[in-house]
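Reader: I should like to take a close look at a single part of this protein and then see how that part fits into the rest. May I ask for one connected account?

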Amino acid sequence: MLKRIITAVIMLTVILSCVFWLRMYSLIITDLLIMAFAIVGGYEMYKSLKKKSVNRAVIDITNDEAKVKEFKLQPMLLPIVLCMIIVYPLTFFFKELGLVATIAICTITSLIILTLKHDKYTVADVGATILNIVYPIIIMSIMVIMNHSDMGLLSIFATFAVVVMTDTMAYFVGVTCKGPKLCPKISPKKTISGAVGGVIGGIIGMVIVYLLFCQFNVFSYMPDKMNSIFANNIPLNLAILLPLGAICSVIAELGDLAASIIKRKIGIKDYGNLFPGHGGVMDRIDSFLAVIPVMYIVFAIIERAINGGITF
């Protein structure tokens with residue numbers, strides 16, 4: 001427990017420093033942190049998908065003969081590495097179009113490899129490769145677009161606050177109240193009380209966001225070139241933020257469960273061991289990966305509405 005807490009404190013310190021302090025000097029610093037999580041997470045996913053424990057015996061009936069063939073997922077390394085190399089510059093310069101182009105280029109590369117090496121790879125391997133590219137590399141890269149938007153600090157902090165508060169409250173409420181299990185076959189330790197506590201935590205996270213950004217405008221010192229909307233208090237109210245916090249909290253918990261299902265299917269406990277007591281990068285960003293697309297869409301709509309003169 002102590003090791004887990006110490007690791008969490010160090011991680012929070014580094015992340016908050018990049019988001020609230022170093023970000024004032026260069027947005028690229030935050031970009032690099034985001035891409036570091038995306039690339040390391042992508043590497044962990046690649047290693048996990050190649051685990052020997054996913055092997056299955058498959059009976060292949062050909063020419064009236066029954067043969068036992070070994071089935072093993074083989075995500076293609078080249079398209080994944082290519083994605084890691086091109087996704088940031090394409091996203092930095094072309095934003096959403098860059099993400100679409102990255103997925104298209106890497107998918108076509110996977111299909112070309114399948115064509116040239118059809119004896120080695122299968123369609124399932126192409127699927128595993130694309131999964132590896134999208135989850136987590138492409139999804140994490142969405143935060144680069146969020147970082148460079150007018151509401152960059154707000155959208156990133158809201159994502160961070162909801163996910164962290166959801167995880168924290170779910171853990172402590174679950175440990176304290178216990179009760180019936182939520183999904184014992186997927187994650188034996190999670191309880192219904194913890195899930196409810198997580199939703200409450202997501203709402204609390206949005207209350208914190210409202211107080212800091214909309215009520216007291218704590219970050220008004222930020223340079224206008226980084227957050228032009230912060231010239232005045234952001235015209236958002238709790239009627240928008242609280243439902244968003246609750247919905248994203250549920251999505252975060254579902255994202256955590258989805259990551260647990262993948263780990264069970266491939267027979268591993270953690271994706272990595274980079275963070276003592278917490279596992280790997282993928283074990284820390286699984287909830288974020290589910291929430292990021294939702295936050296991106298919602299805050300993009302809000303930003304366009306505010307720039308169009310609409311208040312909430």
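Is Lys178 buried or exposed, and why does it count as such?

Author: The model is a predicted one, and the account below should be read in that light. Lys178 counts as exposed because its relative accessibility is 53%, and the cut-off for that class is over 50%. This lysine lies in the loop between H6 and strand S3 (181-183). Its backbone also deserves attention: phi of Lys178 is positive, about 55°, although the residue is not a glycine.

Another lysine invites comparison. Lys95 is found in the loop between H3 and H4, and its phi is near 55°, again a positive value in a residue other than glycine. Lys95, however, counts as partly exposed, because its relative accessibility is 44% and that class lies between 20% and 50%.

From the loop that holds Lys178, one may turn to helix H6 itself, which covers residues 152-177. H6 packs against helix H9 (residues 281-307). Two packed helices are described by the angle between their axes and the distance between the axes. For this pair the angle is about 145° and the axes are 10 Å apart. The crossing in which H6 passes H9 is right-handed. On the H6 side, the residues that meet H9 include Leu154, Ala158, Phe160, Val163 and Asp167. On the H9 side, the partners include Ser287, Phe288, Val291, Ile292 and Met295. The residues of this contact divide into eleven nonpolar, three polar and one charged.

Met295 leads from this contact to the interior of the protein. The largest nonpolar core has 66 residues, and Met140 and Met295 touch the most other members of it. At least two residues of this core come from each of helix H2 (27-49), helix H3 (77-94), helix H4 (96-116), helix H5 (123-147), H6, H7, helix H8 (238-266) and H9. Leaving aside neighbours within four places in sequence, Met140 is in contact with Ile34, Phe37, Ala38, Ile285, Leu289 and Ile292. Ile292 is also one of the H9 residues that meet H6. Apart from the largest core lies another, of five residues, among them Met76, Leu114, Tyr121 and Val126.

Helix H5 holds a further feature of the backbone. Pro136 is found in this helix, and the peptide bond from Tyr135 to Pro136 is cis, with omega near 25°.

Helix H7 (residues 192-215) offers a contrast to the two lysines, for Ala195 has its place there. Ala195 counts as buried because its relative accessibility is 15%, and the cut-off for that class is under 20%. Not counting residues up to four places away in sequence, Ala195 touches Leu182 and Glu253. Ala195 and Tyr171 are 24 residues apart in sequence, and their C-alpha atoms are 8.7 Å apart in space.

These parts may now be placed in the whole. The protein has nine helices and four strands, which follow the pattern α-α-β-β-α-α-α-α-β-β-α-α-α along the sequence. Of its 312 residues, 46% count as buried. Among contacts with a separation of 6 or more, 72% join residues 24 or more positions apart. The protein exposes about 15,600 Å², of which carbon and sulfur atoms supply 70%.

Key: Residues are numbered from 1 along each chain as its sequence is written. This is a predicted model: local features need pLDDT of at least 70, side-chain atom pairs count only at pLDDT 80 or more; totals for chains, interfaces and linings use all residues. Side-chain values use heavy atoms; hydrogens and water are left out. Axes are lines fitted to C-alpha atoms, for helices over the stretch in contact, and angles run from 0 to 180 degrees between N-to-C directions. A crossing is left-handed if the near helix is turned anticlockwise from the far one by less than a right angle, and right-handed if clockwise. Contact means heavy atoms within 4.5 Å. Ala, Val, Leu, Ile, Met, Phe, Trp, Tyr, Cys and Pro count as nonpolar, Asp, Glu, Lys and Arg as charged, and the others, Gly among them, as polar. Buried means under 20% relative accessible area, exposed over 50%, partly exposed in between (1.4 Å probe, protein chains only). Accessible areas come from the Shrake-Rupley method with a 1.4 Å probe; for residues, only the protein chains shown count as cover. A nonpolar core is a set of buried Ala, Val, Leu, Ile, Met, Phe, Trp, Tyr and Cys residues joined through side-chain atoms within 4.5 Å.
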